[in-house]
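Please find below a note on the strands, cores and cavities of this structure. The points are numbered for ease of reply.

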Amino acid sequence: MDPPLQVPLSALAPNLTNPVHDQRTHHVLTGSFRSLSLYLLAFNAPEKSLSLVQTIPGFGPHQYLARNSAGTKAYSTSWANPPILSSWDIVRDGDWSVRHITNSPITATSSYIVLDNNFAYSTGGPCGEVHQIDENGVLGTKVHEFLFNGITSEELHSDAVDKSKKALRIGSHGIEFAGPPSDQPDAPRLAFVPHLTPSEIYVYTVDESTGTLNHVSTSKAPPRVLTNKSVAYENDGPRHVKIHPNGKILYCVTEHSNYLDLYTITYAPTPSLTYHSSRSIIPHSLRGNEFLNIEYELVDYTHFYRGDTLIVTPTVIFSTTRGKDSDWNGILHSVSIDENGFFAKEPDDIEGEEWWDTPTSGGKANALDVIPSDSEEGVYWILLTDDDDAVAEKGGAVRVLEWSGFGKDGPKIIAGWPSPGEDLGERGIEGGSHAIWLD
């Protein structure tokens, strides 16, 4: 019998592959780009409503979140100064609540955190860190610090390197894990870090006993073969990556060029990535002449969008981009994949690919999480966060979308919080950053 596949906790929502089940209420934890607090929400499935359960005092805005597989602990980044990671206890008995456990200092402001085995991995700007998680689920000792772009430890811990939130604009923005695949049980566990500038994805082997990483290869963003022009890979800006559950496919959203790239993963002899194919996360019509072999020049609107994040389900990948300002709505892109993780349709097959305008630009957010609907197979409930200025007046820092499949006019907004004009007090949310399903 093949050994069990090690699926990264963040490759799929932790209960994404559960069968359809009957649960009246789901709980959501969200952060904010502009508020210090975290917010515990309740989604009433039959009534399609989203409401506030608890406001939890925090330590800095821009919380990116992760949770353990049991849904009993949560972990967050923030833009606190000095930079920290935080761990939180999720009380699930009776009335749900969240309480702060501890903070762990880090070297550079982080924008991403993920769990693998008994370690928490965070990345941001010039470096990433590994922290032990103790038997109680609490963030503990830093066991490793890994650096990018040839930066030395001495430089990192001096004033020579920017370690503030500004470094996130050009540095690392994510980390994910893969392997070993079920047909390669002796292959190493791997980690992948996308880096905006230069446009590269770093590949590491993982020492599963210590949590430390060893850099083994680097994959440059692919050259674009286009009709009337070319885009240099240096400008792609790989931002977020996710792994297919088979451990053999990596997907990457590029911030600057707005693509969803697919790579195959090689485990031996040297772990590496091989570019396979791409899909545009903005409609082709917005790319000017890029996909059109016509004589007259069309306007290329690519730079009006900023690729953001993605989430993988067994049959479809959802990814987002953000409008450059409030005049440009963001876009939620969905594309079908086959049982092996490859794009199931050709780029011009509209039946397996769709684009949907998000309600606003998304601001700095438009982040995603997803679970299957309680009542119908093939239907997903998607969390979408919104940081646009319009949220202050119109509400909707967190929305629940219902996606019922291709050819059904895109997802439907079935719930949102806060409601327009809802009074949340002095610690009220002013725009969502990242929200996750807790159950």
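**Note on the structure**

1. Strand 18 (residues 259–266) and strand 19 (residues 272–280) run antiparallel and are joined by eight bridges. Strands here are DSSP runs of E, at least two residues long, numbered from the N terminus, and two strands count as paired if DSSP finds at least two bridges between them. The bridge partner of leucine 260 is arginine 279 in strand 19. Five residues lie between strand 18 and strand 19, and the two strands form a hairpin.

2. The basis of these statements should be kept in view. This is a predicted model, in which local features need pLDDT of at least 70 and side-chain atom pairs count only at pLDDT 80 or more, whereas totals for chains, interfaces and linings use all residues. Residues are numbered from 1 along each chain as its sequence is written, and side-chain values use heavy atoms, with hydrogens and water left out.

3. Strands 4, 5, 6 and 7 make an open sheet in the order 4-5-6-7, with antiparallel pairing. Strand 4 (65–67) and strand 7 (97–105) are the edge strands, each with a single partner strand, so one side of each is left without a neighbour in the sheet. From one strand to the next, the twist averages 25 degrees; the axes behind such angles are lines fitted to C-alpha atoms, and angles run from 0 to 180 degrees between N-to-C directions. Within this sheet, strand 6 (residues 84–91) is joined to strand 7 by eight bridges, and the two run antiparallel. Serine 86 has asparagine 103 in strand 7 as its bridge partner.

4. A further open sheet of four strands follows the order 24-25-26-27, with antiparallel pairing. At its edges stand strand 24 (368–372) and strand 27 (412–417); each has a single partner strand, so one side of each lacks a neighbour in the sheet. Neighbouring strands of this sheet are turned by 20 degrees against each other on average, direction ignored. Strand 24 and strand 25 (residues 380–385) run antiparallel and are joined by five bridges. Aspartate 369 stands opposite leucine 383 in strand 25.

5. The largest nonpolar core has 25 residues, of which Tyr121, Phe146, Ile175, Phe177, Tyr204 and Leu213 touch the most other members. A nonpolar core is a set of buried Ala, Val, Leu, Ile, Met, Phe, Trp, Tyr and Cys residues joined through side-chain atoms within 4.5 Å; buried means under 20% relative accessible area (1.4 Å probe, protein chains only). Among the elements that give two or more residues to this core are strand 9 (119–124) and strand 11 (139–147). Strand 8 gives the largest share, four residues. Another core, of 19 residues, lies apart from it and includes Val391, Val398, Trp417 and Trp437.

6. What does a search of the whole structure find in the way of disulfides? It finds zero disulfides, a disulfide being a pair of cysteine sulfur atoms within 2.5 Å. Cysteine 127 counts as buried at 3% relative accessibility, and cysteine 252 is buried with a relative accessible area of 1%.

7. The whole structure holds four cavities of 30 Å³ or more. A cavity is a set of points on a 1 Å grid over the protein atoms alone where a 1.4 Å probe fits but cannot get out, and lining residues have an atom within 4 Å of a point. The second largest cavity has a volume of about 120 Å³. Of the 14 residues that line it, Phe33, Tyr64, Arg239, Asp308 and Ala367 are the closest to its centre.

Conventions. Buried means under 20% relative accessible area, exposed over 50%, partly exposed in between (1.4 Å probe, protein chains only). On a 1 Å grid over the protein atoms alone, a cavity is a set of points where a 1.4 Å probe fits but cannot get out, and a pocket is an open set with protein on both sides within 12 Å along at least five of seven lines; lining residues have an atom within 4 Å of a point. Grid points are joined across faces, edges and corners, and a volume is the space filled by probe spheres set on the points.
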